[in-house]
Amino acid sequence: MRRGAPARLFVALDPPAEVCERLAHWARAVAGASGPLPGLRVLEPESLHLTLCFLPSRPLAELDALAAALEGCAQPVGELSLGAPLLLPRGRPRALSVAVGDPAGTLESLHRCLLNALTAASDWEPEHRRLRPHVTVARMRSTQRGGAALPVLQGATPQMCFTPRSIALYRSRLEPAGARYEELARSELVPDGLG
């Protein structure tokens with residue numbers, strides 16, 4: 001890997017394996033139904049995550065500084081809950097996702113900390129938009145993205161809660177079969193009550 005070469009990077013929380021398995025099972029049921037969204041490519045459970053920051057086209061030479069920035073944001077995150085299905089982005093969706101609820105607001109606090117730390121560690125300029133916590137469970141084929149009216153998804157998403165234990169810096173590699181994610185660094189979060 002050339003240190004000066006650009007890479008697509010993102011920082012994410014990984015839900016527990018049980019949550020990812022249930023989400024993937026739900027997405028397979030939606031994709032298999034004859035109804036609303038034929039042609040979904042369901043993601044494997046091990047690739048499900050909650051993206052906090054996306055850093056497109058960063059030089060690999062910044063990896064050490066970006067990994068160190070994660071360490072500085074190891075604050076507690078409270079219990080999160082799975083919510084309603086979402087088609088994202090609105091208007092011309094490319095993904096089926098599940099909303100993630102953050103009743104204590106600790107995820108927003110972590111997001112702000114990461115934005116500040118990652119900006120200080122590199123010359124990255126974040127998009128200035130509100131965090132919309134979600135886990136993408138399936139991608140839509142380009143033929144499914146037309147301007148037709150969006151369907152109402154039937155069937156409840158898994159009703160589960162979880163408390164994140166770590167944040168990770170990933171590299172995303174685009175391949176014909178879809179994106180492949182490589183973990184580059186991980187930082188354990190401070191357990192709730194110790195922050």
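This passage describes an open sheet, the helix packed on it, and the surroundings of Asp14 in a predicted model.

We may begin with the sheet. Five strands make up an open sheet, and reading across it gives the order β2-β6-β5-β4-β7, with antiparallel pairing. Its edges are formed by β2, residues 40-42, and by β7, each of which pairs on one side only. Helix α1 packs on this sheet and touches β2, β4, β5, β6 (134-140) and β7. The direction of α1 makes about 155° with that of β2. As a general reminder, strands of a sheet pair through backbone hydrogen bonds, in either a parallel or an antiparallel manner.

Strand β4 is a good place to look at the pairing in detail. Spanning residues 80-88, β4 runs antiparallel to β5, residues 95-101, and six bridges join the two. Within this pair, Leu87 stands opposite Leu96 of β5. The two strands also form a hairpin, with six residues between β4 and β5. Gly91 lies in the turn of that hairpin and has a positive phi of about 95°. β4 is also joined to β7 (residues 161-162), again in an antiparallel arrangement, here by two bridges. One of the residues involved is Leu80 of β4, whose bridge partner in β7 is Phe162.

Attention now turns to Asp14, which is found in the loop between β1 (6-13) and α1 (17-32). Is this residue buried or exposed? Asp14 has a relative accessibility of 23%, and because the range for partly exposed residues lies between 20% and 50%, Asp14 counts as partly exposed.

The contacts of Asp14 reach well beyond its own loop in sequence terms: leaving aside neighbours within four places, they comprise Leu48, His49, Ser166, Ala168, Tyr170 and Arg186. Two of these partners, Tyr170 and Arg186, also take part in polar contacts with Asp14. The side chain of Asp14 meets the side chain of Tyr170 at 2.6 Å, and the side chain of Arg186 at 2.5 Å. A further spatial relation links Asp14 to Ser47: these residues are 33 residues apart along the chain, while their C-alpha atoms are separated by 8.8 Å.

Conventions
Residues numbered from 1 in each chain as written. Predicted model: local features only at pLDDT ≥ 70, side-chain atom pairs only at ≥ 80, totals over all residues. Heavy atoms only, no water. Pairing = 2+ DSSP bridges. Helix = DSSP H or I, 4+ residues; strand = E, 2+ residues; numbered from the N terminus. Buried < 20%, exposed > 50% of the residue type's maximum accessible area, 1.4 Å probe, protein only. Contact = heavy atoms within 4.5 Å. Polar contact = N/O pair within 3.5 Å; in protein donor to acceptor, adjacent residues only side chain to side chain. Axes fitted to C-alpha atoms, helices over the stretch in contact; angles between N-to-C directions.
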